[in-house]
Amino acid sequence: MRLDKFLADMGFGSRKEVKGFIKKGLVQVNGVVVKSDKFQVAETSDQVIFEGEQITYQKDFYYLLNKPQGVISATQDNHEETVLDLFADEDYREDLFPVGRLDKDTEGLLLITNDGLLSHQLLSPKKHVEKEYYAHVSGVMTDEDVKAFDEGLVISGDEQTLPAKLTIVSVDEAMSTSKISLVLHEGKFHQVKRMVAAVGKEVTYLKRVRMGNLYLPEDIQLGSYRQLTEEELKALRGE
Ligand code: URA
C-alpha cells in the first residue's frame, strides 16, 4: 500500500495533507525517513513512525456505543444530532456508520463500524440475528401477551412478525405499568413499540441490551463508546 494512503486511512489527514507531511520528512519507515508518498509499505509488518509515534495499521473499525435518547441513528444530518456526532475528532472517520437503527428515543447498544460485510450479515433478514430489548410499558403485560408474542403477531393491521420471546420482568398493578424483556429475530421499523401496541399497551422507555452474542456492557455510560475487544468481535461473528 502507498505510504500516503496508509497515513490517510489511519486518520492523519487527507491524502493531500499527508503527502505534505511526508515531503516534510515527518514519516519514517523501518527507521529511515521516507520522503516519497508513493513509497510502498507492508501495512502489517513495516514499522511506520509519524512525528515520533508508531502507527499500527487498522482496516476495520468496530465500536459499541451506548446510544442516549435524543440522537438519531444516521451518519450526518443538518438538523439533528447523530450518533457519529458523539465521536471524538480523533476517532471519527468518514466511513463509519451505524449497523441498523435505533429510534431517536431508544437507548442502548448500537454497533458503529466501517465493515459493510459484517453489517450486512448482522442485518440480513435471513440470518435472524437476535436482538434483545428491555422496556417499560404503560399497561399490564399478561401471560396471554407472552403467548401471542410467542406465536408471532400481526402489527399495524397487516404485518406479520416472527415469534418473539417476551419475558415479563415485573408488573405494578396499582400503577398499571410493566417492565419487560423481548428477544426479536428480525428488525422491522419500530418493531418493539408496534408489537406492544398490538396487544393494547404502550412502550414508554426502550433500551437495546444485546445484538447476537454481543451484550451492552454495564460500565459504558450513555453517550460513550469504545472499540470492541477481540472476544466481543468473535462473539458477534458467532465464532
Ligand atoms: N423497536 C422499536 O420500536 N424501536 C427501536 O428503536 C428498536 C426496536
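**Exercise 1.** Which residues are around the ligand?

Solution. The model is predicted.
Step 1. List the surroundings: L102, D103, T106, Y133, H190, Q191, V192, K193 and L206 are the residues around the ligand.
Step 2. Look for the helix that gives the most to this shell: helix α5, residues 191–198, does so with 3 residues.

**Exercise 2.** Find the polar atoms that T106, Q191 and V192 place by the ligand, and state how much of the ligand the protein covers.

Solution.
Step 1. Begin with the side chain of T106: one of its polar atoms is 2.8 Å from a ligand oxygen atom.
Step 2. Turn to the backbone. A polar backbone atom of Q191 lies 3.4 Å from a nitrogen atom of the ligand, and for V192 the distance from a polar backbone atom to a ligand nitrogen atom is 3.1 Å.
Step 3. Consider the cover. On its own the ligand has 240 Å² of accessible area, and the protein covers 96% of it.
Step 4. Locate the site: the largest pocket holds the ligand.

**Exercise 3.** Decide whether strand β5 is enclosed or open, and say which way its side chains point.

Solution.
Step 1. Apply the cut-off: a residue is buried if its relative accessible area is under 20%.
Step 2. Count along β5, residues 62–67: 6 of the 6 residues are buried, so the strand is largely enclosed by the rest of the structure.
Step 3. Sort the residues by direction. Y62, L64 and N66 point one way from β5, while Y63, L65 and K67 point the other way, and all are buried.

**Exercise 4.** Which strands pair with β5, and in which sense?

Solution.
Step 1. Take strand β7, residues 106–113: β5 and β7 are antiparallel and joined by 6 bridges. In this pair, L64 is opposite L111 of β7.
Step 2. Take strand β15, residues 225–227: its pairing with β5 is also antiparallel and has 3 bridges. Here Y63 is opposite Q227 of β15.

**Exercise 5.** Work out the strand order of the open sheet of 4 strands, and explain why one side of each edge strand lacks a neighbour.

Solution.
Step 1. Write down the order: β2-β1-β3-β4, with antiparallel pairing.
Step 2. Read off the ends. β2 (32–33) and β4 (53–55) are the edge strands, each with a single partner strand, so one side of each has no neighbour in the sheet.
Step 3. Check one pair inside the order: strand β1, residues 27–29, runs antiparallel to strand β3, residues 48–50, and 3 bridges join them. V27 is opposite F50 of β3.

Terms used:
Residues numbered from 1 in each chain as written. Predicted model: local features only at pLDDT ≥ 70, side-chain atom pairs only at ≥ 80, totals over all residues. Heavy atoms only, no water. Buried < 20%, exposed > 50% of the residue type's maximum accessible area, 1.4 Å probe, protein only. Helix = DSSP H or I, 4+ residues; strand = E, 2+ residues; numbered from the N terminus. Pairing = 2+ DSSP bridges. Polar contact = N/O pair within 3.5 Å; in protein donor to acceptor, adjacent residues only side chain to side chain. Areas by Shrake-Rupley, 256 points an atom, 1.4 Å probe, with all protein chains shown as cover. 1 Å grid on protein atoms, 1.4 Å probe; cavity = no way out; pocket = protein on both sides within 12 Å on 5 of 7 lines; lining within 4 Å. Sits in = over half its atoms within 2 Å of the grid points.
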